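Here is a short, friendly tour of a two-chain model. Keep the viewer open as you read, and turn to each spot as its turn comes.

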Amino acid sequence: MEIAFLLIPLAVMLVFVILGGLWWAIQTGQFEDLEEEGSRILEQD
Amino acid sequence: MTDSLTAGNTNPWQGLDVQSEWERFSQRHTQEPDIWTSHVWVDNMHCAACSGRIEQSVKQMHGVLGVHASAASKRVKVIWDANVVHPSQWFANLNAIGYPALPVNEYHAVTDRTRDQRKMLWRLVVAVFCMMQVMMYAYPTYVSDSNDITPDMIQLLKWASWLLTLPVMLFSSTPFLSQAWLSLRQRQLGMDVPVALGIIVAFVISTLATFAPGGWWGDVTYYDSLTMFVSFLLCGRWLDVKLRNRTAGALENMMRRLPHAVLKKNEAGEWVQIAASNIDVGDVLYVRPGEVFAADGKLIAGNTSVDESMLTGESEPVLKSTGAQVIAGSGNLTSVVEMQVQQVGEGTQYHALVNLMASASTEKPGIALLADKVAQPFLWGVLLAALFAVIFWWTTDPVKAVMSAVAVLVVTCPCALSLATPAAMLASAGTFAKGGVLIRRLQAIQALSEIDTIVFDKTGTLTENLQQVVLLDSHPDWNSTLLLNLTATISRDSLHPVAKALYTFAKKENAAEHLPMQDWQEIVGGGISATLVTQDQQSIALKLGNASFCEVHTEADAGVQRLVYLVAGHTVLARFGLSEQTKPQAKAAISQLISQGYEIQLLSGDRIAAVKNLAAKLGIQVALGLQKAENKLQNVKALQQQGRKVLMVGDGLNDGPVIAAAHTSIAMGTGVPLTQAQADMVVMGNDIGVLVSLISHCKKTILIVKQNLLWAALYNAAGVPLAIMGLLPAWLAGLGMAASSLLVLLNALRLTKWQKGVLAERAKVA
């Protein structure tokens, strides 16, 4: 069970890493227009 | 491309080419001072193909660095270089390809709102993510025997949980903490005070238990209860912010009424383009057909028909000749005129109406305040109960004392007051929004469930603004197809609503519109004259217009609102009748509402005969014509004095004050944005049938709110005594709170099913 002493701090760090990713996603507006992006692939460039 | 660039003097957007003007809808690039990002709104961009065409066309322009068109929000973002290109050029380009654009003046407001929404989502994401992790760390201590985990491991889990609770505490819960602090500073007890108190106490106790276990505070932590609690609350807040933004955004998408640039006569007598904000009293402005008057004033040259429907709510165009008064916000329909400005900005009638609406809206009884008033005693009760628990247990067991208090705070706060009502209302509001009904105030749901009287406006609400055309009779010697062809050709180029209606009618009957015609002329207040050239080079003088213009006898009422003649010389070739068309669902909706026991009234600014006629057709008992805004307001106030709760369903701007004074109000989506901004609900479509199911769904919503409140009351009645007695550990209180919230939410979710329209409602009755 000693491995838990390593894994738990690692998990905590992982949470912060993932939160960083989510922060990026929110700040760049990834969640703002959920419908339109799906249809953009059908548009001509 | 070059065509639009050299649009020159005729480019109506030149007024935007001043930096102070374009700054209103653009943002400077952070590094390059000449690069700007502008946001414009394109009304008729409906699909992905439209946005593709826009992007393609504007991207080709020299000096345009990037274009992004979004069909969903009807917005186009253009990045451009001020050294190379000016806004008027790409505005002209958009116009040339068939997508007239408007600057989004509220650009900054939009970004503010987006920022708010992002921040709230970010708070929620942080709270939920940390909550999940904290739960995971809390789980072992709940399920294992005390011997299964080593004390070291428990300590490690506590530290990890503390670390993960820190962002929730310092960042996610700041809205509650700051709100609580604000209301305390105003010496009021807000809903957030017990919430904040619970959060802080639980965190402090848990922190002490983590880093200095063994004091009077014991060694039990409550990070899981705390984070879950904050997550649930934020969930509600985020839905609320999102819903409000969506409603506001949709309203903003409506046309701005007044023009941004106008043509003004300078000292030299030349027409120059100036920004609308620079108009002064005494200026002479040049107004083309299809444009909107930017200020109040009088006509000094030209005659025209004016569309004042935005201000009066009625569709009939008004004839204005030289010397007549015109008002800002009304539309010039038929010919070029010059006007002298007498009032600008705040002094105009347009602004007066806006201000009238604003003042009427402040008279509104605040149901929100009432809810706060009911909440006050409850909140005091909660705090007193918590205090009682502390005092009761302190001498025997300080830990138990504090934790009982926290249990009281946690077990009570969210479900009963913070969640029960908004959860149900938000569920309904979201459902309505999907079905095309926007809600500005959540209280409107309650208000709508209480009404007993419905006052309708006529035009645009019960009837279509478009005029319905019937061919009454035609000359026996003339082929009716030929007559329709003539009508289509002669009416094709006119902007007058009647001519437009006739043209649409003829086209629907498959009429051709390319007969050889000469000397086409439109006479204001009369009609159109033209000369038809036949195949054997004969000329026939044709006229399309009203009786006096066509020199025929005025007839008695033919059962239509307006008669239009097509004559050749003095021979009447055809007679058209025009009338307003009743909306398809109107009759069914009205009879349903009457059968459900609602008192229905019709108040309209239109002629009495037309109003009575429509009322008889729809089965409405009380109908009044020639009603101005003040009359309508008086009528509604009189009804309210009889103790009636009035729902106002309106459309035009002159309904604004009435809409604000009524118990609650609904605006049909074709009306002006200002009215909609005042109305509690906005029906985006044109379908009046929605009304019946809307009211019944609101009643259902209130029923579910009551169920939720009853459940919460029972839960609190059981939970609080248990918590005070110390029988409820904080984690169980948290769990009870969560389960209770979940139950409330699930109950509210039943409201997401809404069958729209009068037909669905009828099916249910049958």
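## A buried charged pair and its surroundings

Lys632(B) is buried and Asp457(B) is buried too, where buried means under 20% relative accessible area, exposed over 50% and partly exposed in between (1.4 Å probe, protein chains only). This is a predicted model, in which local features need pLDDT of at least 70 and side-chain atom pairs count only at pLDDT 80 or more, while totals for chains, interfaces and linings use all residues. Residues are numbered from 1 along each chain as its sequence is written, chains are lettered from A and ligands numbered from 1 in the order in which they are written, and side-chain values use heavy atoms, with hydrogens and water left out.

### Salt bridges

The side chains of Lys632(B) and Asp457(B) form a salt bridge, 3.2 Å from N to O; the term stands for a side-chain nitrogen of Lys or Arg within 4 Å of a carboxyl oxygen of Asp or Glu. This pair links distant parts of the chain, 175 residues apart: Lys632(B) sits in helix 19 (residues 629-641) of chain B, and Asp457(B) in the loop between strand 16 (453-456) and strand 17 (463-474) of chain B. Helices (H or I, at least four residues) and strands (E, at least two) are DSSP runs, numbered from the N terminus.

Over all chains, the structure holds 5 salt bridges. Among them are these:

| Pair | Closest N and O atoms |
|---|---|
| Lys632(B) and Asp457(B) | 3.2 Å |
| Lys264(B) and Asp283(B) | 3.8 Å |
| Glu551(B) and Lys543(B) | 3.0 Å |

Lys264(B) lies in strand 6 (residues 261-265) of chain B and Asp283(B) in the loop between strand 7 (271-275) and strand 8, so their salt bridge ties together parts that are 19 residues apart in sequence. Lys264(B) is partly exposed at 23% relative accessible area, whereas Asp283(B) counts as buried at 11%.

Glu551(B) is worth a look for its backbone as well. Most residues other than glycine have a negative phi. Glu551(B), though not a glycine, has a positive phi of about 55°, and it lies in the loop between strand 20 (539-545) and strand 21 (562-568) of chain B. Its partner Lys543(B) is partly exposed, with 23% relative accessibility.

### Around strand 8

Leu285(B) belongs to strand 8 (residues 284-287) of chain B and is buried, with a relative accessible area of 2%. Leaving out residues up to four places away in sequence, Leu285(B) touches several residues, including Lys264(B), Trp271(B), Ile279(B) and Met339(B); contact means heavy atoms within 4.5 Å.

### Helices and cores

Chain B has 24 helices and 27 strands, and buried residues make up 52% of its 766 residues. Does helix 8 of chain B lie mostly covered or uncovered? Helix 8 is mostly covered, with 14 of its 20 residues buried. The end C-alpha atoms of helix 8 (residues 192-211) are 28 Å apart, which agrees with the 28 Å that its 20 residues should span at 1.5 Å a residue, the expected span being 1.5 Å times one less than the number of residues.

The largest nonpolar core has 66 residues, and Ile8(A), Leu19(A), Ile199(B) and Val230(B) have the most contacts inside it. Helix 5 (residues 107-143) of chain B gives this core its largest share, 11 residues. Such a core is a set of buried Ala, Val, Leu, Ile, Met, Phe, Trp, Tyr and Cys residues joined through side-chain atoms within 4.5 Å. Apart from it lies another core of 46 residues, including Ile445(B) and Cys698(B).

### Where the chains meet

The contact takes 25 residues from chain A and 27 residues from chain B. Together the two chains bury about 2,200 Å², 73% of it on carbon and sulfur atoms; buried area is the accessible area (1.4 Å probe) that two parts lose on being put together, summed over both. Across this interface the rule finds 0 salt bridges.

An unreviewed UniProt entry places a "transmembrane region" at residues 6-26 of chain A; UniProt positions follow the numbering used here, feature names are shortened, and annotations may be inferred rather than shown by experiment. In the model, residues 6-26 of chain A are 100% helix and 0% strand, with end C-alpha atoms 31 Å apart.
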